[in-house]
Amino acid sequence: MGVVPVYGAEETSSAVQAPHDYTNCVPAYTYKLVIVGGGSGGMTMANKFASKLGKNQVAVIEPSHVHYYQPYFTLVGGGIKKLCHGGSHKEMSEVLDKNAIWIHDKAVEFQPEANQVLTASGRAVSYDFLVVAMGIQTNFDAVDGLLEALEQDPQVCSNYHAKYVSKTYPAIRNFEKGNAIFTFPNTPVKCAGAPQKIMYLTDWRLTQMKKRHLATIMYNTSLPVVFGVKKYAAELTKVMQSRHLELNTRLNLIRVDHRRREAVFEHLPSPSSPSSSSSSSSSSNDDNQHQLTSSVFKYDLLHVCPPQSAPEVIRRSRLADPLTGFLQVDKYSLQHVKYGNVFGIGDCTNVPTSKTAAAVASQSKTLRKNLDLALKGKLDKLGKTYDGYTSCPLVIGYDKCILAEFDFDGNPMETFPVDQGQPRTSMYLMKSELMPVIYWQGLVKGYWEGPSFFRNTMKALRLK
Ligand code: FAD
Ligand code: UQ1
């Protein structure tokens with residue numbers, strides 16, 4: 001493995017390609033399109049429009065010099081793939097169209113009335129149209145003792161960070177016996193299936209290593225159910241029961257004491273109570289403002305999905321939804337509800353669907369068409385076409401996957417002419433082998449806009 005870049009550890013630096021000088025926050029140049037964030041959503045939109053609009057018309061503000069394919073992290077954590085160039089990540093300079101400008105900087109303030117974004121190095125970047133694609137913020141520091149545990153305890157890991165994902169597989173291999181705990185926080189998250197996918201992979205790996213009988217495997221989730229969509233929750237419940245994986249609902253991780261190898265969970269108000277057959281002890285947590293009780297679990301392996309939130313820069317701006325802090329857009333058109341020349345895509349928006357790259361792909365189709373219209377001055381003609389499509393490939397072993405696909409209301413929107421609720425090897429191969437190709441050659445380059453064409457074709461064939 002080569003040198004692995006560290007997610008989120010980038011320092012803001014001066015522009016590497018900016019053609020103009022932005023000293024004293026005076027915009028010297030107005031881009032037709034500015035995109036904040038060069039992740040899945042930002043990159044696909046930049047590459048669609050860079051070729052269309054021509055040289056120096058599209059600018060991407062992105063502080064990291066690395067673009068990550070985060071869905072790969074599940075496979076890396078499970079020991080199936082390695083962190084590697086071309087798999088989990090590529091350099092920004094390799095993935096961004098040469099017509100576009102990469103502003104290697106961090107957005108720190110939106111000024112939508114002035115049509116500009118201020119950056120950490122003090123530049124004002126002006127735009128005709130703005131796309132906000134900043135992703136969701138991971139807040140590892142919101143759990144007491146977690147960062148210290150991630151830094152110091154080899155048995156604490158997280159697939160939600162490019163640095164800590166490299167601890168996951170070694171932690172599984174080092175596991176001897178005791179409790180393996182997988183957490184899901186009390187906040188919105190990206191890829192709501194990822195916190196349990198790694199549990200299934202751990203179960204399989206421990207079975208292979210003939211250590212499974214020595215392990216109690218627990219999924220401690222803040223949610224009242226194992227998964228938010230009924231059809232797939234029913235199948236996952238069967239999988240969990242048949243493999244003796246413990247489901248403890250309404251438990252929220254609040255503290256990790258790595259010296260004692262203890263994880264403390266608060267009990268959220270719920271109709272169901274945790275079935276802890278573990279070494280947990282209950283106590284009243286008087287410090288907690290909600291007066292919730294808490295339980296202490298001993299761990300021998302702890303995989304943490306961190307609390308997540310709207311990016312701070314959006315939350316404290318006029319672009320935020322006052323209720324959630326996420327970018328306030330129309331969920332069907334992706335246009336900002338107050339500022340007509342501002343659009344959003346992906347995890348940073350308040351679009352009420354499960355936050356995934358699959359959702360980004362589908363949203364990019366709506367956004368491409370609407371931005372095209374907007375750039376032609378036809379802001380009154382925008383389409384309200386995004387249907388909430390999202391997908392979660394629930395890898396449940398080293399050769400099986402349940403491919404969940406659903407809309408805003410949790411109705412299945414399956415692409416293939418088979419029952420995708422059933423665990424399948426074909427879906428596993430799609431996730432592990434085909435999806436990285438679709439991502440790097442399709443989504444990132446601006447071509448892949450989700451599987452609606454295949455879904456509709458399959459549907460038509462079935463009807464004949
Ligand atoms: P991101 O891709 O996260 O990009 C946000 C970008 O904004 C980043 O590059 C960041 O550096 C940048 N940024 C942040 N702050 C600033 C700032 N102040 N100024 C400028 N730029 C900024 N999805 C699937 O569809 N299928 C899966 O199987 C799947 N599995 C996953 C497994 C794991 C473990 C994880 C962590 C995620 C998974 N996802 C999956 C989710 C998927 O990766 C995200 O939903 C997707 O990347 C969202 O794209 P985005 O553009 O909204 O955000
Ligand atoms: C998808 O489009 C996508 O974005 C590229 C993913 O992220 C990597 C996915 O995980 C999935 C499942 C889809 C949906 C694609 C198909 C073919 C069902």
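In this predicted model, Lys-211 is buried, with a relative accessible area of 14%. The side chain of Lys-211 nevertheless meets that of Glu-176 in a salt bridge, with an N to O distance of 3.7 Å. This pair links distant parts of the chain, since Glu-176 is in the loop between H5 and S11 and Lys-211 is in the loop between H6 and strand S12 (215–221), 35 residues apart.

The structure holds 20 salt bridges. Side chains of opposite charge can pair when their charged atoms come close. One of these bridges joins Lys-52 and Asp-372, at 3.0 Å from N to O. Because Lys-52 lies in helix H1 and Asp-372 in helix H9, the pair ties together parts that are 320 residues apart in sequence. The two partners are covered to different degrees: Lys-52 counts as partly exposed, at 43% relative accessibility, whereas Asp-372 counts as buried, at 19%. A further salt bridge is formed by Glu-262 and Lys-298, whose closest N and O atoms are 3.2 Å apart. Here strand S15 (residues 262–267) contributes Glu-262 and strand S17 (residues 293–298) contributes Lys-298, and the two residues are 36 positions apart. Glu-262 is buried, with a relative accessible area of 15%, while Lys-298 is partly exposed, with a value of 36%. In addition, a network of salt bridges links Lys-48, Arg-368 and Glu-449.

Not every charged residue is paired in this way. Lys-90, found in strand S4 (residues 89–91), is buried yet has no salt bridge. The nearest side chain of opposite charge is that of Glu-94, 5.7 Å away, and a salt bridge requires a separation within 4 Å. Apart from residues up to four places away in sequence, Lys-90 touches His-65, Val-66, His-67, His-85, Val-95, Trp-440 and Gln-441.

Two ligands were examined. Ligand 1 is surrounded by 33 residues, of which Gly-41, Glu-62, Asp-347, Ala-357 and Ala-358 are the closest. Oxygen atoms of ligand 1 approach several polar side chains: an N or O atom of the Ser-40 side chain is 3.0 Å from one such oxygen, a polar side-chain atom of Lys-197 lies 3.2 Å from an oxygen, and the corresponding distance for Lys-431 is 3.0 Å. On its own, ligand 1 has 1000 Å² of accessible area, and the protein covers 92% of it. Helix H1 (40–53), H6 and H9 each give two or more residues to the shell around ligand 1, and the largest share, 3 residues, comes from H9.

Ligand 2 has 13 residues around it, and Tyr-69, Ser-391, Glu-405, Met-435 and Trp-448 come nearest. An N or O atom in the side chain of Trp-448 is 2.8 Å from an oxygen atom of ligand 2. The protein covers 96% of the 440 Å² of accessible area that ligand 2 has on its own. Two or more residues of its shell come from each of helix H9 (357–375), strand S21 (390–395) and strand S22 (401–406).

Cys-191 occupies the loop between strand S11 (178–184) and helix H6 (194–208). At 19% relative accessibility, Cys-191 counts as buried. Beyond its neighbours within four places in sequence, Cys-191 is in contact with Tyr-160, Lys-197, Lys-355, Thr-356 and Cys-392. Cys-191 and Gln-70 are 121 residues apart in sequence, but their C-alpha atoms are 9.7 Å apart in space.

In helix H5 (residues 165–174), the buried residues are Val-165, Lys-167, Thr-168, Tyr-169, Ala-171 and Ile-172. They pack against helix H2 (72–77), helix H4 (146–152), strand S10 (156–157), H6 and strand S18 (301–303).

Key: Residues numbered from 1 in each chain as written. Chains lettered and ligands numbered in written order. Predicted model: local features only at pLDDT ≥ 70, side-chain atom pairs only at ≥ 80, totals over all residues. Heavy atoms only, no water. Helix = DSSP H or I, 4+ residues; strand = E, 2+ residues; numbered from the N terminus. Buried < 20%, exposed > 50% of the residue type's maximum accessible area, 1.4 Å probe, protein only. Contact = heavy atoms within 4.5 Å. Lys, Arg positive; Asp, Glu negative; His and termini not counted. Near = heavy atom within 4 Å. Polar contact = N/O pair within 3.5 Å; in protein donor to acceptor, adjacent residues only side chain to side chain. Areas by Shrake-Rupley, 256 points an atom, 1.4 Å probe, with all protein chains shown as cover.
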